[in-house]
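Here's a quick briefing on the model shown below. Have the viewer open as you go, since we'll hop between a few local spots before zooming out.

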Amino acid sequence: MRESILAAWGSSPTRLREDSASESDLVRGGYRDRLLTELAQNAADAAQRAGVRGRLAVWIDAAGAMHVANTGAALDISGVHALTALRASGKTAADSGVGQFGVGFTAVRSVSDEIEVRSRNGGVAFSARRTLEALRERDMLAPDTGVPVLRLAWPVAAPPADGFDTEIVLTLRADVAADSFAAGFVDEAMDLLLELEALNSIEIDGVVIDCTRTKLDENTAEIAIGSRTWRQFVTPPARWLAPVVDGLPVPAPPDVLRAPTRSDELMSLPALVIADVPMQPDRRRVLPGVSFDAVAHGYVDFVASLPAASRVSFVPEVGFARSAVDGALRELVFRRLSCAPWLPGADGRDLVPERANVIADATEELVSALVDVVPNLVDASLSGARHASALAAVGVHRIGLAGLAEMVGGLDREPSWWRRLFDALVPLVVDGVAAEELAALPVPLADGRTVTGPRTTVIGSDASAAVTWVRLVHPDAVSPLLTRLAAREATAAELLTDPALEAALDDLDWDESEEVDELVSAVLALAGEAGELPGWLGGLPLADDEGELRSADELLLPGAPLADLLVQDSPFGVLAPAVVSRFGERALRAVGVGWGFSVVRDELPTGPDHDLDDESAWWSSLAEEPETLLAVRDLDLVRSDGWSEAMTVLLDDPSTRAALADRDGYTAWWIGRYARVHGSRPIEFRAPSDETFAGLLDPLDHPRADELQAVLSAPICENADTARVLLAALSDPQRSPTPAVIARTHTLIATAVAERRIEVSDIDPPDRVRTLGGAVVDASDALVIDAPWLASVVPPEVAVLSDMATAAALADVLDIRSASEAISGEVLAVGRVSSWDREPGAVLACAVLGSALPAGGVVVHRELVVRLSGDVSGERDISGDRTVPWWVTADGTVHCTESWERPRGA
C-alpha cells in the first residue's frame with residue numbers, strides 16, 4: 001500500500017501536493033480543536049460495532065506522549081485503508097456510527113507528527129520523519145505545505161494497553177503543552193458522554209467520568225454524569241436533553257446543535273438537541289436545504305413529556321435567532337407549540353395554547369372559582385408575570401381584570417359564590433389601576449338585585465338594618481375586596497355622612513309622620529356611636545316640649561347649661577323629654593340637639609357663608625383662606641353679663657375648646673372683640689402667665705384665664721385693633737409699666753408697622769405718649785430716640801424708645817419728632833485719628849462684651865465735647881456744650897473718648 005502511494009506521487013507530483021494540501025486544510029480548518037471529539041466518535045463507533053460498553057481513556061506517559069485507548073471493534077484492513085485515504089471512509093451508509101466520511105482521524109495531526117495505532121489485530125504507524133525520508137530516497141521534494149503524514153503507514157507490532165482493544169499513541173510536538181492540553185479534556189468529556197450513547201466512561205489522566213443511563217419510560221431516560229443529571233427524551237430524528245435541578249428539568253443555557261457532537265451552529269432553544277441531520281464533512285455546519293420539521297415535531301413531544309411545573313419554561317425566549325439553523329428550528333418549534341396539546345390546564349387536561357385562556361396573576365382560589373366560567377383556563381401556577389412572555393409567544397389569550405369583570409357580568413350565582421370570587425381577587429388589587437379595572441364588577445345586594453360596580457354600594461352592619469338611603473351588599477357576599485373597590489363600610493359615621501341621607505332629609509315631608517319616624521329612628525340608632533357628624537343633620541325633625549316638630553339644631557336638652565346663658569328672645573326650644581327617654585342624650589347631641597354651644601366645621605371653605613355673626617369681617621381680616629373652618633355658633637345670643645360663665649362652658653366642651661384655642665379662628669376673633677368681661681373686651685386683658693404687657697394690660701380675672709389666651713391680647717402686636725388697645729394703655733397715667741415694658745411695647749407696635757401688618761392710616765396718633773422714664777407727656781413734647789449717641793443728651797422724661805431699626809416707624813405712628821430732627825451737634829475738640837483695630841481698649845471692650853469689632857476709622861479724644869443746638873420740648877432748650885462718651889457727625893465720622901472701660905462687674 002505504501003509503495004503504491006509513493007509510486008503515484010512519483011508519477012504525479014501534483015498528486016503529492018494535493019494530498020499535502022488536503023491534510024493541511026483538514027488539520028487547520030475542519031478538525032482544529034476536535035482531537036478528543038473525533039477520537040471519541042471513533043471509540044463510540046468501535047464499541048457499537050462490537051456491541052460492548054464503550055470506554056475511552058486518555059493519559060500522558062513519562063516521555064510526554066499522549067495515549068488514547070478504547071474498547072470495541074479492533075482495527076481491520078478496511079480501517080487501515082480508511083486511515084490512509086483522506087477522502088474515504090471505512091463505514092458504509094448502512095453503518096449506524098457517527099458520520100460517514102471517516103476523515104476525523106486527521107485531527108491527530110493538530111498535535112503530533114508521529115502517530116501509532118495499536119490494536120489487537122496489529123497496528124500501523126504514521127510518521128512525518130519517515131515519510132520525508134521515503135520521499136528523499138526517491139528524489140522527491142516535500143511540498144511547501146509539508147509532507148502528508150497520514151498517507152504512508154508502517155506496521156506496528158506493539159499491542160494496546162491492557163483492557164483496551166485499540167490504543168492511539170501521539171508523540172506531541174514541542175509546541176504542545178501536554179498537561180494543560182489533557183486537562184482541558186475533562187469538561188469536553190462530559191459533553192461527549194451526553195452525545196455518544198455508545199460510550200459509558202471516559203478517563204482523563206486517572207480521573208474517571210462515568211455515565212449512567214436510567215430508562216424512565218419508552219422515550220424518556222435520566223442521564224447522570226458525575227454530579228450532574230439530565231433528562232433525555234428520544235424521538236426518531238433527535239434526542240432532547242434538559243438539566244435536572246432538585247428533581248425538576250430546567251432550561252439549558254444557549255448551546256450549539258449537536259449532530260451528535262458539537263457543531264458550530266449556535267442555538268437558543270432551552271434544551272440541548274442532538275439531532276440526526278446531514279452535516280458537512282467536517283461536521284461543523286448543516287448541509288444547505290436540510291428540513292427540521294421532524295425535529296421540531298419531536299420538541300413538542302419532549303415538552304409534553306415534562307412535569308407540568310416545568311413545561312412553560314421550555315418555551316423559547318422571544319428574541320433574535322443565534323444562527324440561520326436556530327431561526328429555522330425556532331420558527332417550527334413555536335408553530336408546533338402553539339397548536340399541540342401540552343399546556344397544563346386548570347381542570348387537569350393538556351390544552352392547546354392558541355385556544356387557551358390565562359387570567360393574569362390568578363391565584364389557585366381564583367382559578368378554582370372560575371374554572372367552569374372561563375373556557376380552557378390555564379393552571380393557576382402559570383398565571384404570573386414570570387410566564388406571561390412565554391404564554392404570549394405560543395398564542396395564549398391573557399385576560400386582565402377588566403376583561404374578567406366583563407366576563408362575569410350577567411352571571412346568576414349565589415351570594416356565597418360571589419364572596420368566594422371577591423376574596424380570590426383581593427391579592428390582585430395592588431394599586432389604583434387594578435381597582436379601576438374592576439370598577440364594573442357585579443355586586444349582589446341584600447334586596448336581591450345585582451348592581452354593576454362596588455363604588456355605589458355599602459357594606460352593612462347590625463346597626464344599619466333600618467337604613468333605607470344606601471345600597472346594602474348582601475351579607476353573604478361581603479368581602480374585603482369591596483372596600484378596596486370603593487364600597488363604603490357601613491360604620492355609623494359613614495352612613496350618617498352619606499349625601500343620600502342629606503337628600504332624604506331635604507325631600508322629607510314633615511307632615512308624613514310615619515316617614516318622619518322611620519328616618520328619625522334609623523338616624524338616631526346610629527348617631528350614638530358615630531362621633532362627629534355633619535351640620536346638616538341638625539335639620540332632623542324632632543318634637544319639642546310643646547309637641548311641635550323643630551329641627552334638632554334649634555332644640556336644647558332639658559336642663560342644658562346653655563339655656564341660662566342666652567338672651568331672653570333666643571330662638572332655641574326645649575326637646576320633649578319622651579324623645580330623650582327613647583333615644584338617649586348621646587345620640588340626640590350628636591345630631592345637633594344643644595347642651596352647650598354648637599360647632600360648625602367646613603373643610604376647604606370658600607367664603608363667609610356659614611351664617612355666623614359678622615363672619616364677613618373676620619373673613620376679610622385673614623391673610624389667606626383657611627383650610628378648615630371650625631367655629632362656635634350663636635355667640636351673639638349670649639347675655640352681655642354671662643360671658644365669664646360662657647367661656648367656662650366653652651372650655652368644658654372639647655369641640656368648642658378646640659375652636660376657642662385657635663387665635664386666627666372665627667371664635668377667638670369674635671369673642672375677643674364683641675364679648676364683654678367686667679365691661680371690657682377680652683383683647684384688653686392679658687393672660688396671667690404672659691408678662692409681655694405687664695403694668696399696661698390687666699390679667700383676666702377668670703379661674704382658667706391661661707386657657708383663654710387665644711381670645712386675650714397676644715404677646716405681639718397682631719393688628720390695628722391691638723395697636724389701638726396698647727396705645728390707649730400707654731397713654732393712661734393710671735398704669736405703671738416698667739421702662740422695659742414701655743420700650744418693648746413701642747418696639748412691637750413699630751415692628752408691626754414696619755412689617756406692614758398694620759397700616760399707619762388705621763391708627764389715630766395719641767395726644768399723650770409714654771416716655772422711657774414712665775411719664776405720660778404731650779406728644780408735642782416727646783422725642784423718639786433714633787440714633788444711639790443721642791440717648792446721652794435726651795432726658796428720659798421726654799425720650800420715647802423702641803429700637804433703632806424701628807424708630808422711624810414709631811415716630812410715624814405716634815406722630816412725634818425724632819431726636820435727630822430736633823437736635824444737632826458740633827464736635828469742638830480735635831482728636832487723634834485712628835481705627836478700631838489699632839485701639840487696644842476698643843478691642844478689649846468688644847471682646848468682653850462679646851461684640852464684633854467695628855470696621856473703619858475712629859477719632860479718639862481725651863475728652864469729647866459737643867456743642868448742641870435745638871430743643872427737646874417747648875420749654876426745654878438744650879443748646880450748649882456737653883461732654884459725651886461718643887458722637888457721630890453728619891458725615892459719618894465716629895468720635896469717642898479714649899477711656900475704654902470694662903463693663904461693671906467684668
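Let's start at Leu828, which sits in the loop between strand E38 (823–827) and strand E39 (832–835). Keep in mind that this is a predicted model. From Leu828 we'll move to a tryptophan loop, then a hairpin, a small sheet, some backbone oddities and the whole chain.

**Leu828 and its contacts**

- Leu828 has a relative accessible area of 33%, so it lands in the partly exposed class, which runs from 20% to 50%.
- Leaving out residues up to four places away in sequence, Leu828 touches Val865, Arg867 and Asp881.
- One of those partners, Asp881, is 53 residues from Leu828 in sequence, yet the two C-alpha atoms are 8.6 Å apart in space.

**Trp789 and its contacts**

- Trp789 is another loop residue, placed between strand E35 (783–784) and strand E36 (799–800).
- Which residues does Trp789 touch, not counting those up to four places away in sequence? They are Trp886, Trp887 and Val888.
- For Trp789 and Trp887 the sequence separation is 98 residues, while the C-alpha to C-alpha distance is 5.5 Å.
- Is Trp789 buried or partly exposed? With a relative accessible area of 21%, Trp789 is partly exposed, because buried means under 20%.

**The E13–E14 hairpin**

- E13 and E14 make a hairpin, with three residues between the two strands.
- Their pairing is antiparallel and runs over three bridges.
- To find the register, look for Asp255 opposite Met267 in E14, and for Arg258 opposite Arg262 in E14.
- In general, side chains of a regular strand alternate between the two faces of the sheet.
- E14 shows that alternation: Ser263, Glu265 and Met267 point to one face and are buried. Arg262, Asp264 and Leu266 point to the other face and are not buried.
- Pro260 lies in the loop that links strand E13 (255–258) to strand E14 (262–267).
- The peptide bond from Ala259 to Pro260 is cis, and its omega is near -10°.

**A three-stranded parallel sheet**

- Strands of a sheet pair through backbone hydrogen bonds, either parallel or antiparallel.
- Here three strands form an open sheet with parallel pairing, in the order E23-E22-E24.
- Strand E23 (471–472) and E24 are at the edges with a single partner strand each, so each has one side without a neighbour in the sheet.
- Strand E22 (residues 457–459) pairs with E23 in the parallel sense over two bridges.
- If you want a landmark for that pair, Val458 stands opposite Leu472 in E23.

**Positive phi values**

- Most residues other than glycine have a negative phi, and most peptide bonds are trans.
- Ala486 is a non-glycine residue with a positive phi, near 85°.
- Where does Ala486 lie? You'll find Ala486 in the loop between helix H16 (480–484) and strand E24 (488–489).
- The relative accessibility of Ala486 is 28%, so Ala486 counts as partly exposed.
- Arg756 also isn't glycine and has a positive phi, near 65°.
- Arg756 belongs to the loop between helix H27 (739–754) and strand E33 (768–770).
- At 62% relative accessibility, Arg756 is exposed, because the cut-off for that class is over 50%.

**The whole chain**

- The protein chain contains 30 helices and 45 strands.
- Its radius of gyration is 54 Å, well over the 29 Å that the globule rule gives for 906 residues, so the chain is more spread out than a compact globule.
- Along the principal axes, the C-alpha trace spans about 155 × 105 × 40 Å.
- Of the 906 residues in the protein chain, 49% are buried.
- Take the contacts between residues at least 6 apart in sequence: 61% of them join residues at least 24 apart.
- About 42200 Å² of the protein chain is exposed, with carbon and sulfur atoms supplying 50% of that area.
- On the charge side, there are 77 positive and 139 negative side chains. The centres of those two sets lie 14 Å apart.

Methods:
Residues are numbered from 1 along each chain as its sequence is written. This is a predicted model: local features need pLDDT of at least 70, side-chain atom pairs count only at pLDDT 80 or more; totals for chains, interfaces and linings use all residues. Side-chain values use heavy atoms; hydrogens and water are left out. Helices (H or I, at least four residues) and strands (E, at least two) are DSSP runs, numbered from the N terminus. Buried means under 20% relative accessible area, exposed over 50%, partly exposed in between (1.4 Å probe, protein chains only). Contact means heavy atoms within 4.5 Å. The radius of gyration is taken over C-alpha atoms; the globule rule is 2.2 Å times the number of residues to the power 0.38. Accessible areas come from the Shrake-Rupley method with a 1.4 Å probe; for residues, only the protein chains shown count as cover. Lys and Arg count as positive and Asp and Glu as negative; His and the chain ends are not counted. The place of a charge is taken as NZ of Lys, CZ of Arg, CG of Asp or CD of Glu. Two strands pair if DSSP finds at least two bridges between them.
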